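This briefing groups computed features of one protein chain by topic. Please read it alongside the sequence and the coordinates shown below.

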Amino acid sequence: MSRMKSLAAMLLALAMLLGVAAVPALAEETRDDIVIALWSEPSTLCGGLAASTSVNMVSRQIFDTLIAKGDEAGTYEPCLATEWTWENDNTDLMFTLRDDVTFHNGEPMTTEDVAFSYNTIINAGYADTATSAMDSMEVVDDTHVVLHFDFEYGPALECVSSDYMVIFPQAAYEESADFGRNPIGTGAYQFVEWLTGDRIVLTANENYFQGEPSIHDVTFRILTDTSVATLALQNGEIDVHTMIPQADVPNVQADPNLQYDEVLGNSTTWIIFNFDGIFADENLRLAVAHAIDKEGVMIGAIEGNGEVAQAIYANFVPGYDFDYEGPAYDPELSRQLLAEAGYPDGLDLTVRACSNIQYSRPLEIVQAYLADVGINLSIELMESNAWFEDVFKGGDFDINLVTFSMGMADLEELYALYRGGQSQNYGHMDDPDVNAAYDANHTSIDEEVRLEAFRTVQHVMGDRALTVPLYTAMNGIGANANLRGIKADQMGIYRVADWSWAA
């Protein structure tokens, strides 16, 4: 028996002997630690030095950004900056910084640190999604910095609020042999240790400018098998699991010691074409589009736990047209279009595909639908990194399947993939209407212009089957039932400081 329980028992017995009202039992102390499953080993713990959701999951605890995303899509709130204003024909963004922020090493945050952080991330090239239009940041005085853009840039605030644009101390960065493994930020938690393949440990920043978090010690357990992580959650070995396999969800929901929440996520799966080959033919692309029952693919691939997609981005992205429907499932029309494309007797193709089940399973279901109309796919599975480097990045495919998780809720996230001439446009798509819409979003800060650009991209890419969107999966989170503040996040990244244990 614990000392606290023994003391409670003694007080109760004494009260009974003296004939006084019973003394209530002393409550057990509230926990101040937490263990969270991390689905892959990060390459660094600094969000600006890599493009990875596992990196961002840890980085968000250690670092802050100048502004933060608000509760509503497209809204922003002060963080390390108290206010911001556009200048110089909307190409310069001026920030006023807080004057009460210190780094984890006790040093005050300065404008020099902020400018150094931005310029380092811009020049590193890992965060091109967020930094493509940023030229540099300049110190104005002790409380102001200005971010220079190459042109009037529509998604600027979304980029500045992203997990890529973190702030760190210049001196510590320059003195460290590997800052990504020994990070120092301003965030709610500071780094303690990283045991490769096992765990990453953080502890509360007692001087955090937003107040010390209630959970003091944070351990990220590296559990690359998500089903093993589910068992660990059910056994009480971990407290939070943000990558629960669909097959495990019913068990988590039924467990009285756990809680579960989900929301439409940021990961969309679609068919991609290479426009340097046979799929430059619109009829052939439409034949593929009409051959596939999207709902059937979603049910088979993720047990129906998502939504059929009518765009290559999730429907919480501003500008999504909920009334739009792309090419419908129509096998007979598909066969007709296949013949018009010059393949009346069908078509045989080999697809080298990523072996990750997130890719391979939906492709196998698509394979069956295409076979029904005469398009026969031979699938050769490859290790993930080899597939990405040799096939996808190398543009060595006619048709393939991708699953893409957006790091920002903005069309800009896909600019490099589908704007003609961009370095990541591996399928070499170069549609003039799509290009014009992407450019409008890229260069305008007029909200209506940008929303119309989103709608144009959705309609044109769907009508011409420039891609075939299939489904967007749900983002779910399972946690100990005694944790408060657990709510599924659309982007799948969380702040531990927003959570607390029930008293």
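## Pockets, cavities and aromatic contacts

The residues that line the second largest pocket are D128, T129, S132, E412, E413, Y415, A416, Q422, S423, Q424 and H442. The model is predicted. According to an unreviewed UniProt entry, residues 76–424 carry the feature "domain: Solute-binding protein family". Over residues 76–424, helix accounts for 30% of the chain and strand for 26%, and the C-alpha atoms at the two ends are 29 Å apart.

**Second largest pocket**

- The volume of the second largest pocket is about 200 Å³.
- Two helices, α4 (128–131) and α14, each contribute at least two residues to the lining of this pocket.
- By class, the lining of the second largest pocket consists of 6 polar, 3 charged and 2 nonpolar residues.

**Cavities**

- The whole structure contains 2 cavities of 30 Å³ or more.
- The largest cavity has a volume of about 110 Å³, and 16 residues line it.
- Q310, M461, G462, T467 and P469 are the lining residues that lie nearest the centre of the largest cavity.
- Two or more lining residues of the largest cavity come from each of α16 (447–463) and β17 (467–480).
- With 4 residues, α16 supplies the largest share of the lining of the largest cavity.
- The lining of the largest cavity comprises 10 nonpolar, 5 polar and 1 charged residues.
- The second largest cavity holds about 50 Å³ of space.
- Lining the second largest cavity are L264, E307, V308, A309, Q310, A311, Y313, A314, N315, Y320 and T472.
- In the second largest cavity the lining divides into 7 nonpolar, 3 polar and 1 charged residues.
- Q310 appears in the lining of the largest cavity and also in that of the second largest cavity.

**Aromatic pairs and a charge over a ring**

- A search of the whole structure gives 25 aromatic pairs.
- W270 and Y418 form one such pair, with a centre-to-centre distance of 6.3 Å and an angle of 50° between the planes, and the pair is tilted.
- This pair links distant parts of the chain, 148 residues apart: W270 belongs to strand β12 (residues 258–273) and Y418 to helix α14 (residues 415–418).
- W270 is buried because its relative accessible area, 1%, is under the 20% limit.
- Y418 is likewise counted as buried, at 3% relative accessibility.
- The Y329 and Y369 rings have centres 5.8 Å apart and planes at 75°, and the pair is therefore edge-to-face.
- The Y329–Y369 pair also links distant parts of the chain, 40 residues apart, with Y329 in the loop between β13 (306–308) and α11 (331–340) and Y369 in helix α12 (residues 357–373).
- Y329 counts as partly exposed, at 39% relative accessibility.
- One aromatic cluster is formed by Y359, W387, F388, F392, F397 and Y426.
- R181 places its charged end over the ring of W194, at 3.8 Å from the ring centre.

**Positive phi outside glycine**

- N90, a residue other than glycine, has a positive phi near 65°.
- N90 is located in the loop between β4 (81–87) and β5 (92–97).
- The relative accessible area of N90 is 24%, so this residue is partly exposed.
- A465 is not a glycine, yet its phi is positive at about 50°.
- The loop between α16 and β17 contains A465.
- At 0% relative accessibility, A465 is counted as buried.
- The two elements that flank the A465 loop, α16 and β17, are those that give two or more residues to the lining of the largest cavity.

**I399 and F275**

- I399 is part of strand β16 (residues 399–405).
- I399 is counted as buried, with a relative accessibility of 6%.
- Along the chain, I399 and F275 are 124 residues apart, and their C-alpha atoms are separated by 9.4 Å.

Key
Residues are numbered from 1 along each chain as its sequence is written. This is a predicted model: local features need pLDDT of at least 70, side-chain atom pairs count only at pLDDT 80 or more; totals for chains, interfaces and linings use all residues. Side-chain values use heavy atoms; hydrogens and water are left out. UniProt positions are given in the numbering used here, feature names are shortened, and annotations may be inferred rather than shown by experiment. Rings of Phe, Tyr and Trp (its six-membered ring) pair if their centres lie within 6.5 Å; planes under 30 degrees apart count as stacked, over 60 as edge-to-face and the rest as tilted. Buried means under 20% relative accessible area, exposed over 50%, partly exposed in between (1.4 Å probe, protein chains only). A charge sits over a ring if NZ of Lys or CZ of Arg is within 6 Å of the ring centre and within 35 degrees of the ring normal. On a 1 Å grid over the protein atoms alone, a cavity is a set of points where a 1.4 Å probe fits but cannot get out, and a pocket is an open set with protein on both sides within 12 Å along at least five of seven lines; lining residues have an atom within 4 Å of a point. Grid points are joined across faces, edges and corners, and a volume is the space filled by probe spheres set on the points. Ala, Val, Leu, Ile, Met, Phe, Trp, Tyr, Cys and Pro count as nonpolar, Asp, Glu, Lys and Arg as charged, and the others, Gly among them, as polar.
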